[in-house]
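Here are my notes for you, one topic per point. Please keep the viewer open while you read.

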Amino acid sequence: MWTSFLSRRHRIAAVAAFFAAAVTLVAAVLVAREGRVHVHADHNRVLAGTALGMQGFVGARLDLAHLLEAQFLRERPETTAAFSEITEPVLNLFSDFQAINWVDPNGVIRWVTPLAGNEAALNLNLNSLPDPKRVLDSARSSSELRLTPPLTLAQGPRGFVGYLAIGGDAAQNGTLNLVFRTDLLLREAFKHAPLAGYAVRVRDGDATLFESDADFGQRVVVASRPVALADRAWTVELAQFQARHRVFDLADPYVAAIGLVLAAVTWFTTITVVGNQERSDITHRRFQDFARINSDWFWETDDTLRFSYLSERFQEVTGTPPDKFIGRTRAEIGAPGASDKALKNLLATMEARKPFSNFVHHRQHPERGLVYLSISGIPVFQEGRFIGYRGIGRDVTLERRHEEELAAAAVAAERANRAKSEFLATMSHELRTPLNAIMGFSDILRQQYFGPLGNQNYEGYARDIFISGEHLLTLINDILDISAIEAGKRMVDVSDVDVTKILEDCIRVFDVQCASKDITITTTVHRLDSPIQSDARMVRQIFINLISNAIKYNNPGGRVDVDAQLQDDRFIISVADTGIGIPANRISAVTQPFSRLHDDPHLTHEGTGLGLAIVKALTAMAGGTLSIASEEGVGSTFVVTLPAVLADGEDAWHAPSTSTPSHTL
Ligand code: ADP
């Protein structure tokens with residue numbers, strides 16, 4: 001609690017309230033003492049207490065004009081709603097105000113609070129009313145509060161009005177307009193006055209502001225006293241039916257008590273007002289701090305969707321001063337970079353008072369170039385009435401640039417990959433032609449079709465040329481295969497595939513190799529008595545590549561178990577061997593093109609390093625999976641799972657992937 005008293009504003013308010021209370025109290029005591037001396041002094045003493053009480057009471061309200069002025073300059077309200085946020089605490093606390101209004105620099109009452117009961121004042125041009133105009137002009141040429149003489153208010157009853165040029169500059173900030181109903185205000189002011197049989201009247205020059213009793217005119221005025229309020233001199237008069245004597249002997253303690261009560265009331269009300277002020281100030285400052293340190297910015301519109309606030313950060317991000325947007329709508333300032341449709345949607349959403357998020361557009365920053373902004377907002381309602389939008393904005397330039405770079409990189413990678421595949425396909429074709437000659441002629445030489453070569457060494461060289469040519473041809477065919485798949489050029493050719501027959505043909509190819517390494521191949525076929533709808537070339541290639549590896553990387557005397565079966569809607573091929581196996585940490589590498597794990601020159605000479613990559617690519621494109629289980633020195637099992645029925649045409653193939661196909665283990 002005490003911490004709130006530490007602020008400067010709070011201390012000043014407390015000291016001011018204390019002095020007000022002390023002055024009232026001392027005056028009351030002095031008046032009471034005076035009253036004991038003379039009957040005439042009794043009148044004056046009652047009058048002095050009454051007048052000072054009234055002066056304190058009315059003066060406290062007039063002083064609020066400066067508080068409101070300070071708040072106005074800090075908040076700079078742009079709408080009636082914002083203005084009434086400033087006046088509301090004062091109106092709530094001091095019910096004797098008729099209204100607190102804002103007069104624009106042209107002398108027209110623009111904002112009226114509260115509006116209810118004061119509608120007649122709205123848009124009233126004060127220049128057309130001689131009395132108010134005169135006082136308004138006088139207020140405009142000073143920075144002090146100026147009061148009108150009593151007049152008939154636009155709302156009907158009698159009253160008076162105070163004008164205060166805001167910040168001493170009415171042409172810039174307008175004027176505060178405090179409206180009082182005299183009967184309401186002064187009845188309240190004299191409620192606790194020590195009148196004790198007196199009637200009281202307040203005059204401003206010849207005009208009567210207030211009479212406490214309807215029959216005041218029938219009484220005798222016994223004392224009168226001037227009271228200065230702002231720039232006006234009022235006169236407070238006391239009247240009674242007949243002369244009274246020593247009345248204040250009795251009244252003294254009451255005067256003191258009332259002074260004390262008035263002092264306490266003044267003190268507490270001031271503290272409350274200042275306390276409220278302080279709290280709203282803290283909230284305001286807190287918000288300002290958050291707004292300053294946040295990398296996003298905050299914005300606000302009024303109920304006509306005109307921007308009324310943009311936090312500082314907006315200017316840092318966009319290089320545009322907020323003033324350029326303040327007072328304008330989104331439709332007026334536009335949203336460069338957003339499509340017409342997107343902008344239309346946004347405007348419709350705002351017209352419908354609905355929330356929106358991540359509306360992206362861009363602005364040209366003088367130094368940073370194009371900056372991308374993402375805007376979100378919510379409609380705000382007060383007591384069911386729409387009062388505007390509040391929202392945040394975010395700088396998404398970096399995100400946007402990354403997205404663009406990623407998209408460009410993906411396109412470039414795709415293009416490069418296709419170029420590579422096309423290059424390989426062309427090269428492979430070009431290589432195959434001379435290779436035919438190399439192989440054909442070396443075969444003729446090694447077979448010695450046209451007579452003996454004459455020297456044993458030539459025969460050996462011719463054989464080596466032929467075997468190397470054969471290896472080169474396999475390699476080229478494999479490269480052609482994989483590049484065709486990756487370039488998305490391999491077509492699916494669905495037909496009735498007799499798996500048992502294909503498997504038998506494949507096994508036969510390896511007869512010689514099996515015999516030379518003493519390897520036994522067993523085959524098991526389940527539920528494949530009738531043909532399946534698949535691509536025969538693909539099935540054959542998978543069998544050949546897996547079985548050739550199972551033999552190649554097997555030990556002499558080893559075993560190869562080939563299993564093909566139909567399970568529900570899947571066609572599963574499994575090739576298991578008892579060979580050298582694959583180290584656990586290399587299993588994922590073996591499906592990469594040209595990856596070889598084994599250094600044995602004999603083995604590496606035999607392979608191209610593309611067999612498993614082709615299996616993997618074919619499987620993935622047919623929508624299947626390849627899984628590998630292996631243990632070094634024990635053996636490996638390769639399982640390919642394919643859809644049992646392949647659709648015909650290009651749709652059957654899944655999009656070619658430039659990344660390594662994933663596999664399950
Ligand atoms: P390669 O033409 O070299 O056989 P692959 O793509 O068919 O190329 O196989 C890649 C590598 O994976 C092989 O070099 C070999 O090291 C390893 N590998 C493939 N199959 C087996 C297997 N059944 N047993 C052990 N290692 C294997």
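1. Let's start with the open sheet of this predicted model. Its 5 strands run in the order E12-E11-E15-E14-E13, with antiparallel pairing. The edges are strand E12 (307-310) and strand E13 (356-365), each of which pairs on one side only. On average, neighbouring strands here are turned by 25° against each other, direction ignored.

2. Have a look at the E13 edge. Strand E13 joins strand E14 (residues 369-382) in the antiparallel sense, over 8 bridges. If you want one pair to click on, Val371 in E14 is the bridge partner of Arg363. Lying across E13 and strand E15 (385-395) is helix H10 (residues 340-351), which runs at about 125° to E13.

3. Next comes helix H11 (residues 397-447), with 51 residues. From its first C-alpha to its last it reaches 72 Å, close to the 75 Å expected at 1.5 Å a residue. Where does H11 bend? The place is Pro434, and the bend is about 30°. After the helix comes Gln448, with a positive phi near 55°.

4. Which residues of H11 are buried? They are Thr397, Asn417, Ser421, Ser428, Leu435, Met439, Ser442 and Asp443. The buried residues of H11 pack against E14 and E15, the sheet strands met above, and also against helix H12 (456-486).

5. Helix H17 (residues 611-621) is mostly covered, with 10 of its 11 residues buried. Among the buried ones are Gly611, Lys616, Thr619 and Met621. The cover over them includes H12, helix H15 (536-552), strand E21 (625-631) and strand E22 (635-643). H17 is followed by Gly623, where phi is positive, near 85°.

6. Now for the nonpolar cores. The largest has 52 residues, and those with the most contacts inside it are Ile542, Phe543, Ile547, Val562 and Phe571. H15 gives the largest share of this core, 8 residues. Leaving aside residues up to four places away in sequence, Ile547 touches Leu503, Ile507, Phe510, Ile521, Val562 and Val575. Another core, of 46 residues, lies apart from the largest one; Val58, Leu64, Phe97 and Ala189 are among its members.

7. A last suggestion for your viewer: two helices link several of these points. H12 packs against buried residues of H11 and is also part of what covers H17. H15 is likewise part of the cover of H17, and H15 supplies the largest share of the largest nonpolar core.

Technical notes
Residues are numbered from 1 along each chain as its sequence is written. This is a predicted model: local features need pLDDT of at least 70, side-chain atom pairs count only at pLDDT 80 or more; totals for chains, interfaces and linings use all residues. Side-chain values use heavy atoms; hydrogens and water are left out. Two strands pair if DSSP finds at least two bridges between them. Helices (H or I, at least four residues) and strands (E, at least two) are DSSP runs, numbered from the N terminus. Axes are lines fitted to C-alpha atoms, for helices over the stretch in contact, and angles run from 0 to 180 degrees between N-to-C directions. Contact means heavy atoms within 4.5 Å. The expected span of a helix is 1.5 Å times one less than its number of residues. The bend at a residue is the angle between axes fitted to the seven residues ending there and the seven starting there. Buried means under 20% relative accessible area, exposed over 50%, partly exposed in between (1.4 Å probe, protein chains only). A nonpolar core is a set of buried Ala, Val, Leu, Ile, Met, Phe, Trp, Tyr and Cys residues joined through side-chain atoms within 4.5 Å.
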